[in-house]
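Visitor: Could you take me through one part of this protein at close range? I would like to begin with a single residue and work outwards from there.

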Amino acid sequence: MDPAGFANYLSSFLASCLAAQRNLGANTIQSCRGTFSLLLRCLSDVKGIAPERVVIGTACKEVAEDFLLWLEAGRGNGIPSRNQRLAATHAFFRCLQCGKPELMLHCQRVVSAPSKKAPKKPPVCLPGSEMGRLLAMPGMKTCTGRRDAAMLPPLCGSGARVQELADTTPRNLRLEEPFHVALAGKGRKTRHAPIMRRTASLLASCIKEQKIDGAGKLGHPLFFNHWKEKLARQGIGYIISKYSEGIGSGNNISAHVFCHSKAMALTQAGVSPIYIRGILGHAGLKTASAYSKSSIEMKRKALEKIESTAIPDIPDWTADSNLMDFLKSLGK
């Protein structure tokens, strides 16, 4: 097989299949690109095959399985990351078999590589007291502190994902009643999440101070750095880590912990999973319902409701004098 063939197929997959045909987002395409960058590195380091010598026949099922082992053992990737890389590999070969039917048997062998079942862990959530301390951490004496003070409440209150927050502009905000923010989530789906009056006030002050309230700047990033560039996910993650260290929480606080905490608070308040799904942008009810299964408080209350009737009171048999006299007579 021609080495140039693999390069052509991979370029077509990333530029045409994912971007043009399936209209996937930039983050998804970047993730797929990273998968094949790692695959080429694995072939070079483990198999001794230089990237320019890789052909379609090289990427067989056995190589795919070796690649997955290399991710786990060599790079320390967890099972979710491993499965994500496998899904990108599957997508490439499914796309390839449609354009090159003569390679269908080879592609089907690679696609048959199974994903690995990962143990399900309960979501990490912050209790209300720790969340309140975290939101109060940014100082209001500096411009950066006031920006951070306006940035953290939408993560907590609306359950915005970090990329959704990074992409938010003044045009996405309604700072009059009813207050809400339009968030462009995964799959390019837009949802409107309510925000509280205090959050709206902080955001309005931030917009005015940053001078992005003019008609020509409504599409400017709401949160940006000293160079007027949009804060990336890594930048927002760094800001969250900085303040989470200040509260001394034992939890590993990432941006998604805010979303988990909001979902858990809504669940414990008795909000239907249907509304939780709409507020947080979950794909289905299964994700929203998972929080009710993880809530220790809800489990405790459910057990308390049946505790008084589930087990009847059993009388103390030693208090029955007739029974005790009968038992003693048996030993005579």
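Visitor: Which residue in β2 does L173 stand opposite?

Guide: Happy to show you, keeping in mind that this is a predicted model. L173 stands opposite V181 in β2. That pair is a good way into the sheet. Strand β1 is joined to strand β2, residues 180-184, by two bridges, and the two strands run antiparallel. Strands of a sheet pair through backbone hydrogen bonds, in either a parallel or an antiparallel manner. Stepping back, the sheet is open and has three strands in the order β1-β2-β3, with antiparallel pairing. Its edges are β1 (173-174) and β3 (190-194), each of which pairs on one side only.

Around this sheet, the wider protein has 15 helices alongside its three strands. One helix pair makes a nice companion view: α6 (residues 128-135) packs against α7 (residues 143-157) at an angle of about 155°, and their axes are 10 Å apart. Angles over 145 degrees count as roughly antiparallel, and α6 and α7 are therefore roughly antiparallel to each other. On the α6 side, M131, L134 and L135 meet L152, P153 and C156 of α7. The residues of this contact are six nonpolar, no polar and no charged.

Finally, the whole chain: 37% of the 332 residues of the protein count as buried. Among contacts with a separation of 6 or more, 60% come from residues 24 or more positions apart. The protein exposes about 19700 Å², with carbon and sulfur atoms supplying 56% of it.

Key:
Residues numbered from 1 in each chain as written. Predicted model: local features only at pLDDT ≥ 70, side-chain atom pairs only at ≥ 80, totals over all residues. Heavy atoms only, no water. Pairing = 2+ DSSP bridges. Helix = DSSP H or I, 4+ residues; strand = E, 2+ residues; numbered from the N terminus. Axes fitted to C-alpha atoms, helices over the stretch in contact; angles between N-to-C directions. Parallel < 35°, antiparallel > 145°, perpendicular 65-115°, else oblique. Contact = heavy atoms within 4.5 Å. Nonpolar A, V, L, I, M, F, W, Y, C, P; charged D, E, K, R; others polar. Buried < 20%, exposed > 50% of the residue type's maximum accessible area, 1.4 Å probe, protein only. Areas by Shrake-Rupley, 256 points an atom, 1.4 Å probe, with all protein chains shown as cover.
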